[in-house]
Amino acid sequence: MTSSVDLDRNPLTHWDGPLGLPDFPGIGDDGFGPVFDAALAAHQADIDSIANNPEKPTVENTFAAMELAGDPLDRVSSIFWCKAGANTNDTIQAMEREISPKMSRHFSAISMNEKLFARIDDLYQRRASLGLDAQTLRLVEKSWKGFVKSGARLDAAGKTRLAAINEELSSLGTSFSQNVLADEKEWVMFLGEKDLAGLPDFLKSAMAGAAEARGRKGEYAVTLSRSLYEPFTTFSERRDLREKAFKAFTGRGETGGATDNAAVVAKMLTLRAEKAKLVGYESYAALKLDDTMAKTPKAVFGLLEPVWEKAREKAAADEAELQRLAAAAGSNEKLAAWDWRFYQERLRAEKYAFDEAELKPYLQLEKIIEACFDVATRLFGIGFAEREGIAAWHPDVRVFEVLNADGSRRGLFLADYFARPSKRSGAWMSALQSGYKLGHGSSPIIYNIMNFAKPPVGEAALLSLDEAKTLFHEFGHALHGMLTEAYWPSQSGTSVSRDFVELPSQLYEHWLTVPAVLEKHARHYRTGEPMPKTLLDKMLAASTFDAGFRTVEFTSSALVDMAYHSQKEAPADPKKFEAETLAKLGMPDAIVMRHRTPHFGHVFSGDGYSAGYYSYMWSEVLDADAFSAFEETGDPFNPDLAARLKKNIYSSGGSADPEALYTAFRGKMPTPDAMMAKRGLT
C-alpha cells in the first residue's frame, strides 16, 4: 500500500521553521503515526538499495550510503522522543507504546540483513588494503562489530529470537518510564502555613508556584521533583512530613498497583541475560562493556569497590555526628533516611557557618546560564545569542544561536529549564539534529532539559549549588554536541563509549566553582551584589563535606546495577536481590540508593546506562585529572590547554579511541587518586 504522506512536505520531516527548526506550532500530537510508517518504509527502501547494489562494495556505496540513509526517520524520531520526554500526554504515550516495538523490529531487521552484512563484512576483511584514514577505519571496524553483537552471524532461529527479545525489551522500557512518570505526576503533598517550619523563603516561593500550577493558589505543594523534594527534606522541621515525602520519592515504581515496575524489571533482566548468551557473552554486563574503556565487569568492580569502602567509612563517621545533633535537638529516635539531609545541613552550619539557604540567593538561574556561556566563550571562542519569539515544544523553551568567533552560525541550542507534570524527571541533553561533514553536511541543533522549580510570575528562579552544577553538567554534554568536527554522522558529538561520554559534562562542572566565575556571575538576585568572599570561601571549604553520603548514594546504585547484569542467570526477584546485594555491601541503614531499582530510569527506561551507571565515576577519574592540568598551570582558562581540550575531547566525538584522545590532551592516562581527593575520600 502506497503511503499518502509526502515526506518532502510534512512538517515532521521537512523543517521550514525559523532558523531551520521544525515548525512546532504546525505539528499536532496525533500526526506522528502515519509519518513514522512512511519514514520507516523510506529508510527500509534505502537499506534495500544498498544491500542489493550489484557493484562491488566500497566505503562510498556502502558505509557512506548507510550513514546518510533514513533522514526523514531521524527527523520525525528526534521530534517525537523530545516530546515524549519533555512534554508528553496521553496521545504521545499511546504512540510511544506503539512505535517502540516497531522501531525495534525495524533496526533488528537491518542488523540481521544478510546481504547488507555481506557487504560490510567484505569491506571489513579487506580494510587493511583499502588505504582508509583513521576515522573511516574506525567506522568500518566498529560497524562490523556492532552488527555481529546485534546478531548478524546468528542462524535463522537465533535471529528470530533475538529480534523478539529486542522488541519486548523496547516495550518494557517504555512501560517502565511511563509507570515512573505516572507516579511522579500523581503524587503531591499540599501544605498550609502551619506546615512550613524551617523552610527558607526561596523554597516557600517555589512550593507556592507548584501549588498554583495545580490550581491551589494560596497553598504550598511538595512534588517528587528533586528541585522541591531535596530542599524540603533538608529544611523542614516536620519529621512526619519529611518521612511522608521520602517514602513517596523512594517508592516510585513500587506502588503495588498498575504502575508497579517489579514484574517489568524481572522480565527485562531475564531477557537481557538471554540476549547476552544468544550473541556469545557470559553475561549482559560482558556484552555491554565489550566496547567501552572498562572492557570487563572485573575492571568496573575494581574501580567501585575501593571507593565504596572509603565512602562507607566516611558515612559512618558522619552518621555518628548526625545522631549527636539529633539527640541534642531532643530526638530519641534512631537516625532514619528522612533525617539525614536535615541534620546534615545543621552539621554543615556547625562546621562551616553557612547553609544552602544562605548560598541560594546568589545562584540565579539567569546568571548561571550566563556563566555557562561565558566559560564556553573563554575556553572555546564560541558565543550565544538568544532569539526570542521562536516557538518550540513548550512555551518555556528558549532558543539560542551558537556563533563561531567570526560571527558565523555554528548551530542552535535550545533549553527547557522548568519542571512540569508532562516532563519526566531528571536532566538530560539530546539533539534534534547532529552535526557532521559527510555529504552536504549538517549543523547541530542541541537541547538541554532540566527540572528546576518554576517560581511565581515576576520572581527569580534560584538554584541550589547541586542544581547549578547540573546546569553546567548538561551544558558540558551540549558543548560536546555543538563543537563536533566529525565527518561521519555516527561519530558525531556524544557518539562515544558510555564511560567516556560523561567526561565533557563532568569536567565542565569544575568551572562553576572557579572563583573568578563566581565573582562575576554569583550575584544576589535582589541587590545585584557579588557573593561575599567569606561566603565563597566557606562554600569552597565545604565542597567535600557530604562526600560519604553522596558517594554511598551513587556507588551503591552503580554496584547494584553491575550486580544485576553480571549474573549468568537473572535474579527471579529483583527487590529481594537488591536488598541482599545491599546487605552484603554493608549499606548504611540511614542512606538509600540514589536510584532504587523500581525507578532506576538510567538502567531500565531503555538500554542506555544498563550495566553502565558506573560510567559517571569512570569518567570522574578522567575529569578530575583533566582539570588538574589547568590547575597545574595556575590558569583555569589556559589557552594552550583549552585548544587541546577542544580538539581532542569536545570536538572529536567518536572518531578515535577514547584512550588515545585523552592521552593526546593530557599526555598520559590517569589513576583514581585525583578523583578520590576531589571527593574528599583520601
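Here are some friendly notes on two helices, a cavity and one buried glutamine in this predicted model.

1. **Before you start.** Residues are numbered from 1 along each chain as its sequence is written. Because the model is predicted, local features need pLDDT of at least 70, side-chain atom pairs count only at pLDDT 80 or more, and totals for chains, interfaces and linings use all residues, while side-chain values use heavy atoms, with hydrogens and water left out.

2. **Helix α13.** Helices (H or I, at least four residues) and strands (E, at least two) are DSSP runs, numbered from the N terminus. The expected span of a helix is 1.5 Å times one less than its number of residues. For the 32 residues of α13 (297-328) that gives 46 Å, and the end C-alpha atoms are 45 Å apart, which agrees. After α13 comes Gly 330, with a positive phi near 95°.

3. **Helix α11.** With 17 residues (262-278), α11 should span 24 Å, and its end C-alpha atoms lie 25 Å apart, in agreement. Its buried residues (buried means under 20% relative accessible area, 1.4 Å probe, protein chains only) include Val 264, Leu 269, Arg 272 and Lys 275. The buried residues of α11 pack against α7, α12, α21, α22 and α23, where contact means heavy atoms within 4.5 Å. Just after α11, Gly 280 takes a positive phi of about 95°.

4. **The largest cavity.** On a 1 Å grid over the protein atoms alone, a cavity is a set of points where a 1.4 Å probe fits but cannot get out; lining residues have an atom within 4 Å of a point. Grid points are joined across faces, edges and corners, and a volume is the space filled by probe spheres set on the points. The structure holds four cavities of 30 Å³ or more, and the largest has a volume of about 180 Å³. Its lining has 20 residues, with Tyr 229, Phe 246, Arg 341, Glu 553 and Val 592 nearest the centre. Helices α9, α10, α14 and α21 each supply at least two lining residues; the largest share, four residues, comes from α9.

5. **Gln 433.** This residue sits in strand β6 (428-433). Is Gln 433 buried or exposed? Gln 433 is buried, at a relative accessible area of 17%. Its side chain makes a polar contact (a pair of N or O atoms within 3.5 Å, one able to donate a hydrogen and the other to accept it; residues adjacent in sequence count only if both atoms are side-chain atoms) with the side chain of Ser 442, at 3.4 Å. A polar atom of the Gln 433 side chain also lies 2.8 Å from the backbone oxygen of Ser 443.

Key. On a 1 Å grid over the protein atoms alone, a cavity is a set of points where a 1.4 Å probe fits but cannot get out, and a pocket is an open set with protein on both sides within 12 Å along at least five of seven lines; lining residues have an atom within 4 Å of a point. Buried means under 20% relative accessible area, exposed over 50%, partly exposed in between (1.4 Å probe, protein chains only).
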